[in-house]
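The following account moves through one protein structure, from its strands to its aromatic contacts and its largest pocket. The reader is invited to keep the model in view throughout.

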Amino acid sequence: DINSQWSIGSNSIVEFTHNSPRLLSGSEFGLAGEQGYGTLRTGRSFHAVYSGVGAYLSGGTIEFIGDATSQIYMGGGNTLPAITINKSNASVSLASAAIVTANLRIENGIFNSNSFPLELHGHWYNLAGEDAYISGTSVITLKSLFNGLSQRILGNQTFYKLVVNNNSGRHSEIEDWLTVTNKLEVQSGGLILQFGERLYVMDDLSISENAYLKTGWNSYLYCYKDLIDLNPDARDAESRGFLPDDASNLILSGSSNQTLNFTRSSITTGNLTIDKPSGSFLPQKPMIVKGTAAIVDGTWHGNYGHTHCFHKSLVIYEDASFTDNTGHLIFEGEADATLKVQGYANFKDITISKSSGRTAEGTLSLLTDLTMNTAGTISVYKGTFDLSEYTLQTKGNLNVSADAKLAIGAGGRLEMLNDSTLSILDGGVLESIGTADAAATITRVDGLNACYNLDVHSGATISGEFTVY
């Protein structure tokens, strides 16, 4: 028991090998000296439950050692300095809510927050493995004190609920794989998922107004419920809200319907993957997908009439479906892209608008047969739409604009709906290059009694070889 004034400073160490330091009422205990910070080591527990006894616990370290179970008892408004867990096959457990004003390090043994709230101002270092932290139902609040620097969350581990409550201009960084089994709330400041790392959020992930979540290059954010962003359209929108790198990955994997519930007028992602064992992805705003969109399992379901923009490829796998017969898909950007439908797709209007034009890079290539199931228009506005050896069956008009090309390869087929029109505008190109064994074909859907209109404008180009019209 300590009932007087103690100060451990100048890089000194005081060790209670087999006892638990208890700061009694009226005592004061400090770990900061003029020359540096001190360390208190204990093989048992630590008690600071009386008001004012930890007034000088700023700086310094409390290190838990030995092979006995330890507990931390806090109260009276006291806070903890840096904490180091260095136990031999034993654990340190919270016995009350706690605030750690510096770093928390798990070097050996187990740290159990024991369902009590824990607020952390410094770094979180879990160096002992994913089983070295037990959360129970603890709410972990990150409140970085590092102005301009990142608060590091290091180590593969599982949190129950995570709250980011940094001051403006400060942020926390996830530098390993982290699972949050309940909600993740970014209330203020920022949270960054570093490149190559993974974050699994099993409940809602929310970003409050003026806060941000940034996902780095080749990072993976797995959402099992809704992603909510309360930041509106604004001139500084690029520094607030959900900020994905173009090469980051957002994976929707929940078993119920999921939405991206954004206040903004549109939603931007990097790579987007829908991999749901059941339920649908319901896009409630126009989507801008800067990377590849892949529907591996489950359904992209929309009937809102939105315009969705894809900068790279769209892939719909065998057990997946895309059902949006009211919307408009635009394939844009300069990168080559592919459209592959192995499952079911119900598209309405499609526009190819590869900004580099047909004379440079910028091609959308069909990698499977595609049947349009809803009456709509296909517009090749800029760039090239290459059917290659596959069949495109339309259910409406197809327009090829200036600085655009529709290409059909050997064995490829364009099947036009009865009474529909294939228009090649001034400056547009229709190129069909087959072989003696596999002709390119432009024909009608409905048999010999049907017909379509071929509208070739002055200045348009039609080039064909081994082609059946």
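How many bridges join β15 to strand β18? In this predicted model, the two strands run parallel and are joined by 4 bridges. Strand β18 spans residues 171-174, and within it Glu-173 is the bridge partner of Arg-152. Strand β15 also pairs with β12 (residues 124-126), again in the parallel sense, over 2 bridges. Here Trp-124 has Ile-153 of β15 as its bridge partner. Strand β15 itself, residues 150-154, is mostly covered, with 4 of its 5 residues buried.

A second set of pairings is centred on β17. This strand, residues 161-165, is likewise mostly covered, since 4 of its 5 residues are buried. Strand β14 (residues 139-142) pairs with β17 in the parallel sense over 4 bridges, and Val-139 is matched there with Lys-161 of β17. Strand β20 (residues 184-188) runs parallel to β17 as well, and 4 bridges join the two. In this pairing Val-164 has Val-186 of β20 as its bridge partner. As a general point on such elements, the side chains of a regular strand alternate between the two faces of the sheet.

Further along the chain, an open sheet is formed by 5 strands in the order β42-β44-β47-β50-β53, with parallel pairing. Its edge strands are β42 (370-371) and β53 (467-468), each of which pairs on one side only. The link between β50 (residues 440-444) and β53 consists of 2 bridges, and these strands run parallel. One residue match is that of Thr-441 with Val-468 in β53.

Two loops merit attention for their backbone geometry. Most residues other than glycine have a negative phi. Ser-115, however, has a positive phi, near 70°. This serine is placed in the loop between β10 (104-112) and β11 (118-120), and its relative accessible area of 37% makes Ser-115 partly exposed. Ser-388 also has a positive phi, near 55°, and lies in the loop between β43 (378-386) and β44 (391-393). With 23% relative accessibility, Ser-388 counts as partly exposed.

The aromatic side chains offer another route through the model. There are 13 aromatic pairs. In one of them, the rings of Tyr-220 and Tyr-222 have their centres 6.5 Å apart and their planes at 20°, so this pair is stacked. Are these two residues buried or partly exposed? Tyr-220, at 22% relative accessibility, counts as partly exposed, whereas Tyr-222, at 14%, counts as buried; the cut-off for a buried residue is under 20%.

Phe-322 and Phe-347 form an aromatic pair of the edge-to-face kind, with 5.1 Å from centre to centre and 65° between the planes. Phe-322 belongs to strand β36 (residues 320-323), while Phe-347 lies in the loop between β39 (344-346) and β40 (349-353), so the pair ties together parts that are 25 residues apart in sequence. Both Phe-322 and Phe-347 are buried. These two residues also belong to one aromatic cluster, together with Phe-281, Trp-300, Phe-310 and Phe-331.

Aromatic rings also meet charged groups. Arg-198 lies over the face of Tyr-220, at 4.5 Å from the ring centre; the ring of Tyr-220 is also the one stacked with Tyr-222. Elsewhere, the charged end of Arg-105 sits over the ring of Tyr-125, 5.2 Å from its centre. Arg-105 falls within the span of β10 (104-112), and Tyr-125 within that of β12 (residues 124-126).

The remaining feature is the largest pocket, which holds about 260 Å³ of space. Which elements give two or more residues to its lining? They are β27 (241-244) and β30 (267-269). Strand β27 supplies the largest share, 3 residues. The lining comprises Asp-233, Ala-237, Glu-238, Phe-242, Leu-243, Pro-244, Phe-262, Arg-264, Ser-265, Ser-266, Ile-267 and Thr-268. By class, 6 of these residues are nonpolar, 3 are polar and 3 are charged.

Definitions and conventions. Residues numbered from 1 in each chain as written. Predicted model: local features only at pLDDT ≥ 70, side-chain atom pairs only at ≥ 80, totals over all residues. Heavy atoms only, no water. Pairing = 2+ DSSP bridges. 1 Å grid on protein atoms, 1.4 Å probe; cavity = no way out; pocket = protein on both sides within 12 Å on 5 of 7 lines; lining within 4 Å. Points joined across faces, edges and corners; volume = space filled by probe spheres on them. Nonpolar A, V, L, I, M, F, W, Y, C, P; charged D, E, K, R; others polar. Phe/Tyr/Trp six-rings, centres within 6.5 Å; stacked < 30°, edge-to-face > 60°. Buried < 20%, exposed > 50% of the residue type's maximum accessible area, 1.4 Å probe, protein only. Lys NZ or Arg CZ within 6 Å of the ring centre and 35° of its normal.
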